[in-house]
Amino acid sequence: MSYQNFSLSQLQAIDAAHHLHPFTDHKELRAAGSRVIARADGPFIYDSDGNQILDGMAGLWCVNIGYGRTELAEAAYEQMKELPYYNSFFKCSTPTPILLSQKLADIAPANMNQVFYGSSGSEANDTAVRLVRHYWQLMGKPSKNRIISRKSAYHGSTITGASLGGMSHMHEQLNGAVPNIVHVMPPYAFEFAEPGESDHDFGVRAAKAVEEAILEAGADNVAAFIGEPIMGAGGVRIPPESYWPEIQRICRKYDVLLMLDEVITGYGRTGEWFAAQAMNIEADTITTAKALTSGYQPLSALFVGDRIASVLVDKGGEFFHGYTYSGHPVACAVALKNLEIIEREGLVERVRDDTGPYFRKALMGRLAGHRIVGQVRTYGLLGAIEIVRSKETRERFKPAGDAAMKVRDHAIANGLMLRATGDTMILSPLLIWTRETIDMAVDRIEKALDLAARDLGV
Ligand SMILES: Cc1ncc(COP(=O)(O)O)c(C=O)c1O
């Protein structure tokens with residue numbers, strides 16, 4: 001059945017009748033009608049009216065190599081013909097996860113030589129928590145089971161993912177989070193630095209919040225610290241350079257494992273394969289998903305560092321954990337082809353040497369001075385624009401989030417898919433963007449900022 005036989009209003013009516021969406025107020029959505037994205041090509045998505053929109057979010061931080069890659073479709077097709085599915089339980093394996101594991105070990109930090117597969121970032125974080133707690137049991141320290149995370153972190157939407165995350169509205173709906181997970185201040189200088197406090201000092205102070213949480217619990221009761229190298233969904237919060245070295249030092253001092261969540265930052269977005277390499281962080285686990293397949297197939301890979309993996313293998317016996325789709329042959333075939341394309345086209349180096357710096361210059365140069373912009377931040381191909389009423393005092397517009405929604409709506413109407421979280425505009429370009437695509441995006445953001453400022457009467 002082809003969707004082309006349906007009008008937009010028919011599709012919207014069926015959507016409203018039967019489809020529950022993620023993170024959605026359904027009454028509001030159904031009154032407005034959903035935006036139906038019907039096809040996509042290169043850096044552009046097209047809605048069902050045929051409007052072309054430049055995708056500033058890479059789908060949902062995932063379509064790094066762009067849309068319309070027939071090579072990935074062919075890889076999936078060939079694999080489906082050969083072997084559409086077989087499990088990796090019961091001493092079985094299939095070729096594509098075997099080869100993908102080797103490839104992933106090659107590109108990952110040196111101590112990351114083992115991977116565990118799932119279908120989503122949330123699942124991978126569940127696995128990570130299971131493994132970390134299991135590790136300390138195997139080490140004869142079962143009391144070491146507390147996990148320290150940060151407020152405003154996003155680690156997924158399963159019960160474990162939401163509990164790890166620091167989104168208070170999610171916790172309220174959980175009505176009973178996974179116990180023994182605590183949340184400390186995030187390294188978000190724009191909001192939490194004291195007047196006059198240097199970026200360096202704020203980074204050290206934010207890391208100290210982790211040390212205080214360890215001391216409060218007692219190091220013998222703390223299993224791990226988890227963090228996104230750059231908080232994504234929380235608003236592309238780029239930590240001061242002093243933050244991660246301090247976190248690393250603190251984790252080592254108290255023998256607390258370091259879990260990195262690179263679901264957004266993995267596979268080239270920072271200008272290195274992983275932010276761990278860009279920021280020189282030595283982790284014990286690294287969660288990845290999304291751009292592993294550029295979103296063409298659902299697949300996650302949890303990297304398990306040598307320290308944990310050796311104990312799991314040597315002393316662990318059977319690890320009672322796994323998913324039907326762990327190491328799915330089709331998803332792994334697509335991932336292999338995706339990584340091949342990223343390498344062949346030099347996309348990681350391109351972000352590091354060309355588009356990343358250009359993106360920074362374009363956003364800083366053309367948007368930071370705008371009258372409703374309080375700060376612009378970038379790292380590789382991640383960007384954030386803070387919307388404020390006053391550049392001097394950083395006072396926000398009221399009600400919270402409304403001004404950013406206006407910017408977002410004008411951006412979309414002018415052909416750029418841009419996302420707002422709170423009063424922060426966030427950008428996650430595809431890695432295939434060129435300097436020209438960046439200019440096109442910045443033109444559209446500039447226009448959206450002007451129109452929103454006009455609506456806001458400033
Ligand atoms: C940092 C981070 N971790 C985990 C997740 C959850 O991934 P998924 O939606 O695939 O479960 C996300 C999703 O955006 C994320 O940004």
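Which backbone atom lies 2.9 Å from an oxygen atom of the ligand? I looked this up in the predicted model and found a backbone N or O atom of Gly-121 at that distance.

**Ligand contacts.** I next checked the side chains. Ser-122 places a polar side-chain atom 2.5 Å from a ligand oxygen atom, and Asp-261 has a polar side-chain atom 2.7 Å from a ligand nitrogen atom. I noted that the ligand taken alone exposes 390 Å², of which the protein buries 84%.

**Ligand shell.** I listed the residues around the ligand; among them are Ser-120, Asn-125, Tyr-154, His-155, Glu-228 and Lys-290. Sorted by class, the shell holds three nonpolar, six polar and three charged residues. I then asked which helix gives the most to this shell. The answer is helix α6, residues 121–138, with three residues.

**Cysteines.** I searched the whole structure for disulfides and recorded zero. Cys-92 is in no disulfide, as the nearest cysteine sulfur, that of Cys-332, is 15 Å away; a disulfide would require the two sulfur atoms to be within 2.5 Å. I also compared their surroundings: Cys-92 counts as partly exposed because its relative accessibility is 29%, whereas Cys-332, at 0%, counts as buried.

**Nonpolar cores.** I examined the largest nonpolar core, which has 109 residues; Leu-104, Phe-225 and Tyr-267 touch the most other members. A second core, separate from it, has 22 residues, including Trp-136, Ile-226, Met-259 and Val-304. I note for context that nonpolar side chains tend to be buried together in soluble globular proteins.

Notes
Residues are numbered from 1 along each chain as its sequence is written. This is a predicted model: local features need pLDDT of at least 70, side-chain atom pairs count only at pLDDT 80 or more; totals for chains, interfaces and linings use all residues. Side-chain values use heavy atoms; hydrogens and water are left out. Buried means under 20% relative accessible area, exposed over 50%, partly exposed in between (1.4 Å probe, protein chains only). A nonpolar core is a set of buried Ala, Val, Leu, Ile, Met, Phe, Trp, Tyr and Cys residues joined through side-chain atoms within 4.5 Å. A residue is near a molecule or strand if one of its heavy atoms lies within 4 Å of it. A polar contact is a pair of N or O atoms within 3.5 Å; within protein, one must be able to donate a hydrogen and the other to accept it, and residues adjacent in sequence count only if both atoms are side-chain atoms. Accessible areas come from the Shrake-Rupley method with a 1.4 Å probe; for residues, only the protein chains shown count as cover. Helices (H or I, at least four residues) and strands (E, at least two) are DSSP runs, numbered from the N terminus. Ala, Val, Leu, Ile, Met, Phe, Trp, Tyr, Cys and Pro count as nonpolar, Asp, Glu, Lys and Arg as charged, and the others, Gly among them, as polar.
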